[in-house]
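Please open the structure in your viewer and keep the selection panel at hand. The stops below can be taken in order, and each one begins with something to select.

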Amino acid sequence: MPDAVVIGAGPNGLVAANMLADAGWSVEVLEEQPEPGGAVRHDRGVDPAFVSDLFSAFYPLAAASPALTALGLDAYGLRWTHAPSVLAHPLSDGSCAVLDRDIDTTAASLDAFAPGDGDAWRRLHDMWEHLRPDLLDALFTPFPPVRAAARMALRLRAAGGLRTARTLVLPVRRLGQEEFRGQGGGLLLAGNALHADLAPEAAGSGGFGWLMSMLGQTYGFPVPVGGSGALTEALTRRLEAHGGRVRCGQRVTEVVVRGGRAVGVRTAGGDAVRARRAVLADVSVPALYGGLVDPEHLPAQLQDDLRRFQWDFATVKVDWALDGPVPWQAEQASRAGTVHLADGIDELTRFAAQISMRQIPDRPFLLFGQMTTADATRSPDGTESAWAYTHVPHEVVADAGDEGITGSWDTKDQERMADRVEQQVERFAPGFRSLIRARRVLAPPTLQSLDANLHGGAINGGTTALHQQLVFRPLPGTGRPETPVPGLFLASSGAHPGGGVHGAPGANAARAALHRHRPPGLARAQRALTRRDRTGTRR
């Protein structure tokens, strides 16, 4: 019998399992899919000569994550690489905002839109450098991050206090208007805000766009050499080297609760896997509380709150094998790993509004990935392994375009949506479609079939909007990894701090499980040491 059973071998589940194994626990990870990785996998399904990331591809949060850094995954084969530029946002007139790890390059691209905007970007970067240590600590540690929050409050006060706090909660459209004279800086911020489901007018979208932009400025948007699955392979190798075990093709159907605590799980095959100390669930919040745990073990208020849980936008992704580099009208885009495609902030607002009205956007905002530009191992010389994803509503009532996409996501819907995505690329890269050797469409039901946590194609474990963050994530009053069932811990992106590949929910769940099982004498000694550290004397 293992000390812990982890449900799900996504990045959060594997980080949690590694941390428990480091503490001397025996760990068994059960994964529904035939291979580990969750949304961090690659294949050669588009063309045998091309490596395609199935889901996630660029990892700024992984580069900044203390949990992943502490695992020393380079010793297990993980290597990172970067595109020459981090991100580009071209416009149809040929102008282009560029985010580069060299801040002078970023600033120069913004000065081309309006002189002085480069200095405005530097001021936002100065604010980031002042807040970064404690902000990242607060982001990646269990909620509430009491010590990090206290330090953040002092730093905020020194950085302008309420004025700085106001900046971080602004809608991203307003933040861009206040900080920049031209549209380049606002484009970088707004495009990054829509990596989540935050429209340009959403409260807090400015802070999120600023965070993602500054992560790119500092850490870049790195990719694993060889494909995104290389990160999963390193996590799995490390776990197995420390005695952990990953079993694939094992769909968990029930968390077994006896005597008021979680004691193990049951699989679809009827196997019972007991856990001596803890069960950690790298599964979505609705799946855990609406399926795996019998309602009799949950408070009525939680079940009522679960009805109000909001998913982030659904997603459609298209992968391509291209016979040559993308022919961008703005040549700066050719050097970027990630390219944002929308012809201005108004078009971003229109896109988000159409989703809110449950319409398929007629001009979809695209996040476009040039993987061979970032990692030359992904495809043959002179070619490009590329993808783009966009968002759509979960429930479709109309198509804002003329093609009659219904939201059934049958073959006809998928092909029409892929054509629309390619037409959007053509606006900024005339001749793009002539380079397509092969393509693959991953519609919302396909994404969910490949990873059950991607419910309806939602990729962030729930909305990033303020009403489902901090003390409200995943549900009001459940901001920590502990659940109402003793011995059961939430380890997925449904928990604080949310989506992205950084391992923090898994790390927080592992810490909570370890804390729960500290020997009483050790707990008393640690409390005494804490008091002594604070006062400088023994008590």
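Which residues of α14 are buried? Bear in mind while looking that this is a predicted model. Select helix α14, residues 345-356, and within this helix you will find Ile 345, Glu 347, Leu 348, Phe 351, Ala 352, Gln 354 and Ile 355 buried. Helix α14 has twelve residues and spans 17 Å from its first C-alpha to its last, which is close to the 16 Å expected at 1.5 Å a residue. To see what covers its buried residues, add to the selection α8 (172-179), α9 (184-193), β16 (359-360), β18 and α16 (411-428), which are included in that cover. Before leaving this helix, step just past its end to Arg 358, where phi is positive at about 65°.

Next, select strand β18, residues 384-392, one of the elements covering the buried residues of α14. Nine of the nine residues of β18 are buried, so this strand is largely enclosed by the rest of the structure. Both of its faces are covered, with Glu 384, Ala 386, Ala 388, Thr 390 and Val 392 buried on one side, and Ser 385, Trp 387, Tyr 389 and His 391 buried on the other.

Now bring in the strands that pair with β18. Strand β14 (residues 314-322) pairs with β18 in the antiparallel sense over nine bridges; along this pairing, Leu 322 stands opposite Glu 384, and Asp 319 stands opposite Trp 387. Strand β17 (residues 366-370) also pairs with β18 in the antiparallel sense, over four bridges, and here Gln 370 has Ala 386 as its bridge partner.

Widen the selection to the whole sheet, which is open and made of seven strands in the order β7-β6-β15-β17-β18-β14-β20, with mixed pairing. At the edges stand β7 (96-99) and β20 (436-442), each with a single partner strand, so that one side of each is left without a neighbour in the sheet. Neighbouring strands of this sheet are turned against each other by 20° on average, direction ignored.

For the last stop, select helix α5 (residues 117-140) together with helix α10 (residues 205-219), whose axes come within 10 Å and cross at roughly 95°. The two helices, α5 and α10, are therefore roughly perpendicular to each other. Among the α5 residues in this contact are Trp 121, Trp 128, Arg 132 and Leu 139, while those of α10 include Trp 210, Met 214, Gln 217 and Tyr 219. The residues of the contact of α5 with α10 divide into 13 nonpolar, four polar and two charged.

Terms used:
Residues are numbered from 1 along each chain as its sequence is written. This is a predicted model: local features need pLDDT of at least 70, side-chain atom pairs count only at pLDDT 80 or more; totals for chains, interfaces and linings use all residues. Side-chain values use heavy atoms; hydrogens and water are left out. Buried means under 20% relative accessible area, exposed over 50%, partly exposed in between (1.4 Å probe, protein chains only). Two strands pair if DSSP finds at least two bridges between them. Axes are lines fitted to C-alpha atoms, for helices over the stretch in contact, and angles run from 0 to 180 degrees between N-to-C directions. Angles under 35 degrees count as roughly parallel, over 145 as roughly antiparallel, 65 to 115 as roughly perpendicular and the rest as oblique. Contact means heavy atoms within 4.5 Å. Ala, Val, Leu, Ile, Met, Phe, Trp, Tyr, Cys and Pro count as nonpolar, Asp, Glu, Lys and Arg as charged, and the others, Gly among them, as polar. The expected span of a helix is 1.5 Å times one less than its number of residues.
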